[in-house]
Amino acid sequence: ELYAILVDALCRSLRLFERSLSQKTEPLSSPKLFHFAPPILGHFFTLIYLSKDDDDSLEQERKKFHKYLSLSMERPVFRRSNAFMFQDNIAANAPLINPHEALHASVKDGVASLVYGRYSYHHYMQDRMDDNGWGCAYRSLQTLISWFRHQGYTDRPIPTHREIQQCLVDIGDKDKSFVGSNKWIGSTEVSFCLDTMLGISSRILNVSSGAELAEKGSELSQHFQIHGTPIMIGGGVLAHTILGVDYNRETGELKFLVLDPHYTGSEDLKFIQQKGWVGWKKIDFWSKNSYYNLCMPIRPHCI
């Protein structure tokens with residue numbers, strides 16, 4: 001029975017290739033299968049794109065499938081970077097993808113609002129870069145940009161620390177000596193880089209202390225429900241990434257799903273979860289003596 005299913009799947013793939021090639025009148029280029037698994041569908045959906053066709057030129061074709069499947073016209077589903085990532089296609093030393101997924105919220109009668117889709121966990125000491133003690137906001141920015149890559153909004157490679165610094169120099173925010181330095185950046189600089197590198201606007205939320213974040217449960221929940229983007233938060237000399245909140249509107253109890261870029265070890269998912277490098281944190285995780293700025297990227301509406 002399994003053999004018959006596999007043969008049928010192969011035949012359908014070949015028919016897809018045939019149909020795709022027969023519709024092209026110009027010189028042929030290499031066709032490639034892309035398997036998608038939109039959460040709303042609950043099953044795989046396979047498309048064939050020719051190597052010469054970029055995502056912009058395929059917009060009308062994607063719209064056709066969005067309409068056919070009654071999918072939202074506000075977020076990409078069938079761009080190349082939306083393709084399902086099989087385990088065999090992920091390099092052994094690559095940043096972990098969605099390390100939070102096995103963790104469960106614990107606020108009584110709370111509503112969990114989480115990051116949408118995929119992101120990569122970027123942290124200290126990756127890419128043979130020793131940024132221990134100063135690079136946490138750079139790593140959080142890399143995680144934010146990875147989200148836009150995984151969701152299909154950009155195919156721009158993850159920027160290096162030097163490229164981030166050069167970006168800030170180019171827009172006049174920093175002087176030339178900043179490039180190659182070990183100087184920190186904050187949420188404002190992160191928003192500048194998102195705007196310059198990706199054309200993504202962000203909202204900056206300021207709080208006078210960590211305790212004041214307890215009053216932002218509704219606001220943060222709404223962000224994740226509408227935009228679904230990870231949030232970079234900086235306070236004092238530390239930066240973190242917020243992946244979601246669990247909030248009870250009646251009692252005001254609030255927990256934060258935090259991804260910590262200060263981790264310096266290997267890509268060991270079990271260890272990272274057990275030691276709390278990604279996990280649900282209470283309000284006292286944030287310092288009462290530090291003010292915080294949150295960079296909250298705004299998701300563009302496009303397919």
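These legends accompany close-up views of a predicted model. Residues are numbered from 1 along each chain as its sequence is written, and local features need pLDDT of at least 70, while side-chain atom pairs count only at pLDDT 80 or more and totals for chains, interfaces and linings use all residues. Side-chain values use heavy atoms, leaving out hydrogens and water.

**View 1. Meet domain 1 and domain 2.** Domain 1 covers residues 1–84 and domain 2 covers residues 111–297; such bounds come from an automatic or database domain assignment. Taken over C-alpha atoms, the centres of domain 1 and domain 2 lie 33 Å apart. Eight residues from domain 1 and ten residues from domain 2 take part in the contact (heavy atoms within 4.5 Å).

**View 2. Where domain 1 touches domain 2.** Together the two domains bury about 700 Å², with 33% of it on carbon and sulfur atoms; buried area is the accessible area (1.4 Å probe) that two parts lose on being put together, summed over both. On the domain 1 side, look for R75, P76 and S81, which lose the most area to domain 2 and together make up 64% of what that side buries. Between the domains there are zero salt bridges (a side-chain nitrogen of Lys or Arg within 4 Å of a carboxyl oxygen of Asp or Glu).

**View 3. A close look at L205.** L205 counts as buried because its relative accessibility is 6% (buried means under 20% relative accessible area, with a 1.4 Å probe and protein chains only). Not counting residues up to four places away in sequence, L205 touches K216, E219, Y292, N293, L294 and M296. L205 and I233 are 28 residues apart in sequence, and their C-alpha atoms are 9.2 Å apart in space.

How values were computed: Buried means under 20% relative accessible area, exposed over 50%, partly exposed in between (1.4 Å probe, protein chains only).
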